[in-house]
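Me: Please walk me through this protein in questions and answers. Keep it brisk.

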Amino acid sequence: MYQEIDLEKIDLSSEPPIEEPARQYYFMAKCRTWIQDFEEEYGHKPKACVVNMGCQMNARDSEKLTGILEMIGYEQTDREEADFVIYNTCTVRENANNKVWGRLGYLNNYKKRHPHMKIALCGCMMQEAEVIEKLKKSYSFVDLVFGTHNIYKFAELLATVLEQQGMVIDIWKSTDMIVEDLPVERKYFFKSGINIMFGCNNFCSYCIVPYVRGRERSRKSEDILKEIRRLAKEGVVEVMLLGQNVNSYGKNLEEPMTFAELLQEVEKIEGIERIRFMTSHPKDLSDELIEVMGRSKKICRHLHLPLQSGSSRILKEMNRHYDKEQYLQLVEKIRRSVPGIALTTDIIVGFPGETEEDFAETMDVVEQVGYESAFTFLYSKRTGTPAAGKEDQVPEEKAKERFQRLLKKVQEIAAKKAEAYTGKIEPVLVEEVNEQDESLVTGRLSSNFVVHLPGTKEMIGKIISVKLNECKGFYFYGEAVNETGSAFAKKQ
Ligand code: 5AD
Ligand code: SF4
């Protein structure tokens, strides 16, 4: 367990151990000596900035990077004008890549004035061969580049960077390795993401994820449960189980286990009060899972169920393995078994060959389902995916125009859905002091809606009853009440 490891006791005169994670602790100890030299020279600890650019999986990886940097002795900062900057990149859409190229230009200028600065890049974008070529050719000021499969080796790679000049690149095509028990620095003390599986086997025809994250690998349930038990002891009340396709959890384990079975084990853990998970592929969502959700006291009344398109023809082209009717039937079944569940989704507009009729089908599903919220994306062509090779790409103007129509519809429906909660008393997990107004705190309902209410930082991490007084479209203003419904604190 990393909390018990004392880096000072590691003998750096001996060879690094072969086995993991002991090997990484050896390199953390090595990096630590470099940090101590830095402190002596500059009179302060070096500052590190970890920039998270992607999804929840990416955010969890960033917590692992931060955990390692903290253990080594770096001070954390949100400013990119730091001694060490690492971009944990995303590549799911082209604009994510463009953002990285743009920001690297800025970092280069800063580094010219601060030559001791180190710049590292990791995450999904680094798994693309063209990206690595471009970095080698035109971005020689970058010190370290690694991908998604060897993130556990970060300390070892950093030790190399701190010792030598020139760009260190270590990209793996795939791995079966899952290294447990490395340090993690959580962003919130009361909630945490937990990886339950890595990779994706689905190969939706537009998506680059299976190419950059590799094949599906599930963590052993005992490792997951051990981690959650420890988190619960540390004060975590809400967990988010993470995977590209959580519904196929456990299929490739030595002792197979379904996702629904895993959820029931998590439910038993004392101290955990809320369970969320992300992401569910509709094709793998089992009756067993719906049943477990229906009777659970802890699983949140929220399901993110990506639709992608409402047109059965486009869904086939997307390789999604369900059609419009099957999706709608699934929604009906869930609504029947889990009353009051909030549904959210992902939708792509402008997939190659999408006609006005196809788009109308998407709008129709959005209306029929009535999502509490939806992430809408313009289709982005990703080199190497089957959809990128299609001839009939939708003109940008057309796609943008559809996107606007969809967004309007999604917002109208979401506002109506939210309105229906007004006046209700709901349990809310308070997450932070409101950034704009310090007299307010911000929290989430089980359904994932956001609510602002008068309060103080002492309420953070607690689940309290809140009366939802006023709906503001996709969030609420409320007030804390006791069980009988009377207000504790009056709204200013
Ligand atoms: N273009 C646009 N959106 C995409 N997504 C995945 N790949 C693409 C792409 N090439 C969206 C999907 C997925 C979400 C995480 O990102 O909707 O569910
Ligand atoms: Fe991409 Fe489809 Fe896998 Fe999701 S399920 S990560 S959209 S390939």
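The turns below go from the whole fold to single residues.

Me: What kind of model is this, and how many helices and strands does the protein have?
Reply: The model is predicted. Its secondary structure mixes both types of element: 13 helices and 19 strands.

Me: Why does the protein count as compact for its length?
Reply: The C-alpha atoms fill a box of roughly 65 × 60 × 50 Å along the principal axes. The globule rule gives 23 Å for 492 residues. The protein is close to that value, so it is as compact as a globular protein of that length, with a radius of gyration of 24 Å.

Me: What share of the contacts in the protein with a separation of 6 or more comes from residues 24 or more positions apart?
Reply: Burial first: 56% of the 492 residues count as buried. As for the contacts with a separation of 6 or more, the share from residues 24 or more positions apart is 72%.

Me: How far apart do the centres of the positive and negative side chains lie?
Reply: The exposed surface is about 22,600 Å², with 49% supplied by carbon and sulfur atoms. The protein has 68 positive and 78 negative side chains. The centres of the two sets are separated by 3 Å.

Me: Within what arc do the buried residues of helix 8 fall?
Reply: Helix 8 spans residues 259–267, and its buried residues are Phe259, Ala260, Leu262, Leu263, Val266 and Glu267. Seen down the helix axis, they line one face, because they fall within an arc of 155 degrees.

Me: Which elements are included in what covers the buried residues of helix 8?
Reply: Two of the covering elements are strands: strand 10 (238–242) and strand 11 (274–278). The cover also includes helix 7 (221–233) and helix 9 (287–295).

Me: Is Thr66 buried or exposed?
Reply: Thr66 sits in helix 2, residues 56–72. Beyond four places in sequence, Thr66 touches Val50, Gln76 and Glu185. Its relative accessibility is 13%, and the cut-off for burial is under 20%. Thr66 therefore counts as buried.

Me: Which residues does Gly473 contact, leaving aside its neighbours within four places in sequence?
Reply: Gly473 lies in the loop between strand 18 (463–471) and strand 19 (475–480). At 23% relative accessibility, Gly473 counts as partly exposed. With those neighbours left aside, its contacts are Ala414, Ala415 and Ala418.

Me: How far apart in space are Gly473 and Phe277?
Reply: In sequence, 196 residues separate Gly473 and Phe277. In space, C-alpha to C-alpha, the distance is 25 Å.

Terms used. Residues numbered from 1 in each chain as written. Chains lettered and ligands numbered in written order. Predicted model: local features only at pLDDT ≥ 70, side-chain atom pairs only at ≥ 80, totals over all residues. Heavy atoms only, no water. Buried < 20%, exposed > 50% of the residue type's maximum accessible area, 1.4 Å probe, protein only. Helix = DSSP H or I, 4+ residues; strand = E, 2+ residues; numbered from the N terminus. Arc of directions from axis to C-beta. Contact = heavy atoms within 4.5 Å. Rg over C-alpha atoms; globule rule 2.2 N^0.38 Å. Areas by Shrake-Rupley, 256 points an atom, 1.4 Å probe, with all protein chains shown as cover. Lys, Arg positive; Asp, Glu negative; His and termini not counted. Charge placed at Lys NZ, Arg CZ, Asp CG, Glu CD.
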